[in-house]
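Me: I am new to this structure and should like a close look at one part of it. Please explain how the strands are arranged and what packs around them.

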Amino acid sequence: MFDRFAQSVTYQKLKLDAPVTVTVKRLDQIHPQISGNKFFKLKYNFLEAKQQGFKKVLTFDGAYSNHIAATAYAAHLFGFASVAMIRGEELKHKALNHTLAMAQQLGMQLHFISRQQYREKTSPVFLEQLQQHYPEHYLIPEGGTNALAIQGCKEILTAEDRQNYDLICCAVGTGGTISGLIEASAEHQHILGFSALKGDFLQHDVQQWISKSNWQINDAYCCGGYAKTTPELLQFMQSFEAEHNLPLEQVYTAKMMMGLMDLIQQNHFSPDTRILVMHTGGLQGRSN
């Protein structure tokens, strides 16, 4: 269902004046619309929806969400109707950003709910109400993160990745991708996540999915929180892309790369550390 649409993924080694090596795994290339980690997070969820006989899917996330864009396209591609609950009731009175406009063009119904209501997204009452209002919809959680998503994300690391690299880096939103990477990692590897959100709550969220302790999440480069930017981030993004011919987006991958480059400059890593960076896609966010 998904795999037949997958394209080849390349590895791009960065030219750095540093005692470590940095290679980027271009997951953004795996599919032009179901991009990066979302391909892996949605794969088994859509297979499960199909197996259970659902013809509609429902999910929720923020207005700049890569997950919303990928889910809308996947639903369109595989013949599912789709609905999304979007955080921020005030957005219903504003023009749609690029991500939401694209999702709507693909047939996704957008419902804007208050931020207070959205905070209840994991509560039994909220989920029961959703099920009552949308009984024919297969529910995919925020960011696509559930056990099936983590099952898919474990497939990101190949046997060669486990053998050839010491440190695996990725951006972190809801914690599903890093959880899959942790569970699939080799004994000698360390997993370092760069959070796009402020706060240490992700530590708890990830802990519930994993059985290993070879990981860390750094939120020092979140630039104030989800979908927030700073002049420093945008300047870094522009100069990095020009130097390495590697596209980034400001919500996830630019923050991760800025954090990694800063730590390398501080000699944070041991010499000769072989670093593999996951480019998790979401490049449609560059237009928002």
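The reply below takes the sheets in turn, together with the helices that accompany them.

Reply: The model is predicted: local features need pLDDT of at least 70 and side-chain atom pairs pLDDT 80 or more, while totals for chains, interfaces and linings use all residues. Residues are numbered from 1 along each chain as its sequence is written, and side-chain values rest on heavy atoms, without hydrogens or water.

The account begins with the sheet of six strands. Those strands form an open sheet of mixed pairing, arranged in the order 1-2-10-7-8-9; helices (H or I, at least four residues) and strands (E, at least two) are DSSP runs, numbered from the N terminus. At its edges stand strand 1 (11–13) and strand 9 (215–218), each with a single partner strand, so one side of each is left without a neighbour in the sheet. Direction ignored, neighbouring strands of this sheet are turned by 25° against each other on average.

At one edge, strand 1 runs antiparallel to strand 2 (residues 21–25), and three bridges join strand 1 to strand 2; two strands pair if DSSP finds at least two bridges between them. Within this pairing, Gln12 stands opposite Val24 in strand 2.

Two helices pack on this sheet. Helix 8 (residues 176–184) touches strand 7 (167–172), strand 8 (190–195), strand 9 and strand 10 (274–278), where contact means heavy atoms within 4.5 Å. The direction of helix 8 makes about 175° with that of strand 8; axes are lines fitted to C-alpha atoms, for helices over the stretch in contact, and angles run from 0 to 180 degrees between N-to-C directions. Helix 11 (residues 253–265) also packs on the sheet and touches strand 2, strand 7, strand 8, strand 9 and strand 10. The direction of helix 11 makes about 165° with that of strand 10.

At the edge formed by strand 9, the pairing with strand 8 is in the parallel sense and extends over four bridges. Here Gly193 stands opposite Ile217 in strand 9.

Helix 11 has a helical partner as well as its contacts with the sheet. Helix 10 (residues 231–244) packs against helix 11 at an angle of about 85°, and the axes of the two helices are 10 Å apart. On the side of helix 10, Glu232, Leu233, Phe236, Met237 and Phe240 take part; in helix 11 they meet Ala254, Lys255, Met257, Met258 and Met261. Residues of this contact divide into eight nonpolar, no polar and two charged (Ala, Val, Leu, Ile, Met, Phe, Trp, Tyr, Cys and Pro count as nonpolar, Asp, Glu, Lys and Arg as charged, and the others, Gly among them, as polar).

The second sheet can now be described. Four strands make up this open sheet, in the order 5-4-3-6, and the pairing is parallel. Strand 5 (109–113) and strand 6 (137–139) are the edge strands, each with a single partner strand, so one side of each is left without a neighbour in the sheet. From one strand to the next, the twist averages 25°.

Strand 5 pairs with strand 4 (residues 81–87) in the parallel sense over five bridges. In this pairing, Arg87 has Ile113 of strand 5 as its bridge partner.

Helix 2 (residues 66–78) lies across strand 3 (56–61) and strand 4, and runs at about 170° to strand 3. Two other helices pack against helix 2, and they may be taken in turn.

With helix 1 (residues 37–51), helix 2 packs at an angle of about 45°, the axes being 10 Å apart. Lys38, Leu42 and Phe46 in helix 1 meet Asn66, His67, Ala70, Thr71, Ala74, Ala75 and Phe78 in helix 2. The residues of this contact comprise six nonpolar, three polar and one charged.

With helix 3 (residues 98–105), the axis of helix 2 comes within 9 Å and crosses at roughly 15°. Helix 2 contributes Ile68, Ala69 and Ala72, which meet Thr99, Leu100, Met102 and Ala103 in helix 3. The residues of this contact divide into six nonpolar, one polar and no charged.
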